[in-house]
Amino acid sequence: MRNALEIVEVDNRQLEEVLRRVEQGEALDEKDAKLIRAVCESYVHVTRLVEDKNTSIRRLRQLFFGSRTEKTQAVVERNATTPACDPDPDAPAETKGAVGKADTDQTKASAREPACQGHGRNGAEAYRGAEQIAVAHPSLTAGAPCPACGEGIVYEKAPGVLVRISGQPPLAATVYQLQKLRCHLCGQVFTAAAPEEAGSQKYDASAGSMIGLLKYGSGMPFNRLEGLQGHLEIPLPASTQWDIVQAMATNLAPAFAELIRQAAQGEVLHNDDTTVKILELMGPQSRAQALAPAEEDDADQRTGLYTSGVVALRDGYRVALFFSGRRHAGENLAQVLKLRAAELPPPIQMCDALSRNLPGELQTILAHCLAHARRQFVDVYDRFPEQCRYLLEALAVVYRNDASARERQLSAEARLQWHQEASGPTMQQLHDWLTRQLEEKLTEPNSALGGAIRYMLRHWEKLTLFLRQAGAPLDNNVCERALKKAILHRKNALFYKTENGARVGDLFMSLIYTCQLNEVNPFDYLTQLQRHPDQLATSPERWLPWNYRETLTCASNELTEENVKE
């Protein structure tokens with residue numbers, strides 16, 4: 001049996017044709033056998049899911065049609081007759097009050113929220129990357145007499161704004177036709193000089209930035225971009241695209257290395273991983289080599305392939321790192337933390353409860369993802385609506401308090417005190433309720449709900465670190481969102497061909513997503529790094545997404561002063 005369910009698109013006509021050949025005793029080819037095997041395996045897989053006590057209708061629906069939002073308001077049907085209270089009638093009054101208060105506060109919060117306009121329009125200030133053109137009045141200037149009344153004086157006001165958006169190919173080209181003249185007597189050829197804006201390279205730095213951004217930031221495969229450019233009559237072969245981004249990666253390597261060093265000094269580090277395909281490591285020979293004894297690294301003996309995501313928070317900035325290969329998330333985090341300054345205290349590590357997320361011997365202050373524990377109750381909500389609703393709305397109080405702390409821009413210490421005062425009582429009541437469910441046998445321990453409760457109680461200390469440690473996050477959602485970059489690439493390009501290709505992809509994804517986390521234009525950032533390779537290699541710490549504009553300004557001022565002196 002296959003380890004993972006593979007979705008195979010089959011229409012009724014194909015099935016009917018195969019059945020007809022089977023009934024008539026006709027010979028079946030390899031394609032028919034593969035189809036029959038897929039149908040049988042799918043039937044067995046779904047049958048086992050149905051027989052599994054942990055499988056709900058909701059889970060089957062997610063398997064076939066995809067998951068929907070897990071927000072409390074979407075999971076809990078507000079028009080249901082189930083009251084928003086503790087399903088245990090013997091529960092203390094204060095526990096019931098916590099949930100009732102959560103529901104009331106959520107209703108009030110919803111009433112305060114302004115209605116979404118939904119028009120999708122943006123003001124002129126949103127177009128920060130647009131070309132800005134100032135248009136002066138053809139006949140008037142500030143201080144001139146008014147041509148309408150002849151008595152007043154006109155003065156400057158805020159300019160009127162027009163926004164015009166035009167389309168263009170992802171990569172545009174300019175053809176310079178340099179005139180050539182030849183002497184008919186001596187044969188000397190005279191060619192017009194290329195204009196300065198033509199540059200010395202066929203592919204400008206901005207071309208490589210756009211290719212990298214489309215491929216690793218938006219999931220557009222090289223072949224798809226090749227087809228689009230071909231239809232737009234500006235051809236760009238896939239092999240050429242790869243040559244460009246590979247050369248770029250060599251120049252951008254110092255920036256990636258500096259991001260790793262910066263992440264190692266972070267106060268909080270999130271990590272998780274997802275699967276990846278690297279064809280070079282998936283062949284029989286590669287698997288045999290991986291299974292052979294290796295002294296230097298246990299990861300070399302592993303056949304699985306993963307893309308690990310690490311998101312670090314330091315001094316108000318966020319750094320996103322991606323690593324693809326045989327190492328798990330914890331092993332990649334350990335490689336990052338080896339660069340951490342010895343005088344710094346252990347960082348807070350946020351991850352789920354899988355042991356492969358831990359960095360081995362390196363010390364961290366471990367916190368587990370509250371959203372991961374919550375999701376287990378969301379999955380069984382259809383079967384245990386009263387109990388799950390109690391927990392979901394209790395956690396809604398905590399998340400609402402955390403959102404309030406962000407809106408008020410509280411410091412880490414002030415946020416800790418706020419959670420202890422506002423969220424502590426609710427979490428204590430929730431812990432008492434969870435304990436009572438098992439001790440008083442109100443919930444079957446071996447049921448799906450009992451498993452979710454046991455998971456939460458087993459990891460309670462790490463799930464509630466935000467009540468004891470300043471700066472501890474509630475969940476690992478920021479890292480899971482980062483891994484969507486790798487998943488987007490996997491869905492579109494399907495795989496990396498070589499380890500080198502995976503390293504190039506990790507580099508670009510790390511730079512691009514770090515820019516996005518810090519609200520920096522990744523296209524401009526990648527372009528400027530290429531245009532200043534020597535400075536980047538010398539001082540990579542001055543060419544990070546959050547300070548490279550200052551470096552450019554300083555370099556421009558220094559150049560201006562030198563020109564003035566000359």
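Seven nonpolar, five polar and three charged residues make up the lining of the largest cavity in this predicted model. That cavity encloses about 90 Å³ of space. An open sheet of five strands and a count of 15 salt bridges are the other topics here.

**The cavity**

- The structure has one cavity of 30 Å³ or more.
- The lining of the largest cavity consists of 15 residues, and the closest to the centre are Val276, Thr307, Ala486, Arg490 and Tyr496.
- Three elements each give at least two residues to this lining: strand E3 (268-275), helix H17 (477-493) and helix H18 (499-517).
- Helix H17 provides the largest share of the lining, with four residues.
- By class, the lining of the largest cavity holds seven nonpolar residues, while five are polar and three are charged.

**The sheet**

- Five strands form an open sheet with mixed pairing, and their order is E5-E4-E3-E6-E7.
- The edges are taken by strand E5 (317-325) and strand E7 (365-368); each has a single partner strand, so one side of each has no neighbour in the sheet.
- From one strand to the next, the twist averages 20 degrees.
- Strand E3, which also supplies at least two residues of the cavity lining, pairs with strand E4 (residues 306-314) in the antiparallel sense, and this pairing runs over eight bridges.
- Serine 308 in E4 has aspartate 273 standing opposite.

**A helix on the sheet**

- Helix H18 packs on the sheet, where H18 touches E4 and E5.
- The direction of H18 makes about 165 degrees with the direction of E5.
- Helix H18 thus has two roles in this briefing: H18 packs on the sheet, and H18 supplies at least two residues of the lining of the largest cavity.

**Salt bridges**

- The count of salt bridges in the model comes to 15.
- One salt bridge joins arginine 20 and glutamate 17, with the closest N and O atoms 2.5 Å apart.
- Both of these residues, arginine 20 and glutamate 17, belong to helix H1 (residues 12-23).
- Arginine 20 and glutamate 17 are three residues apart, which is about one turn of the helix.

Note on methods. Residues numbered from 1 in each chain as written. Predicted model: local features only at pLDDT ≥ 70, side-chain atom pairs only at ≥ 80, totals over all residues. Heavy atoms only, no water. 1 Å grid on protein atoms, 1.4 Å probe; cavity = no way out; pocket = protein on both sides within 12 Å on 5 of 7 lines; lining within 4 Å. Points joined across faces, edges and corners; volume = space filled by probe spheres on them. Nonpolar A, V, L, I, M, F, W, Y, C, P; charged D, E, K, R; others polar. Pairing = 2+ DSSP bridges. Axes fitted to C-alpha atoms, helices over the stretch in contact; angles between N-to-C directions. Contact = heavy atoms within 4.5 Å. Salt bridge = Lys/Arg side-chain N within 4 Å of Asp/Glu carboxyl O.
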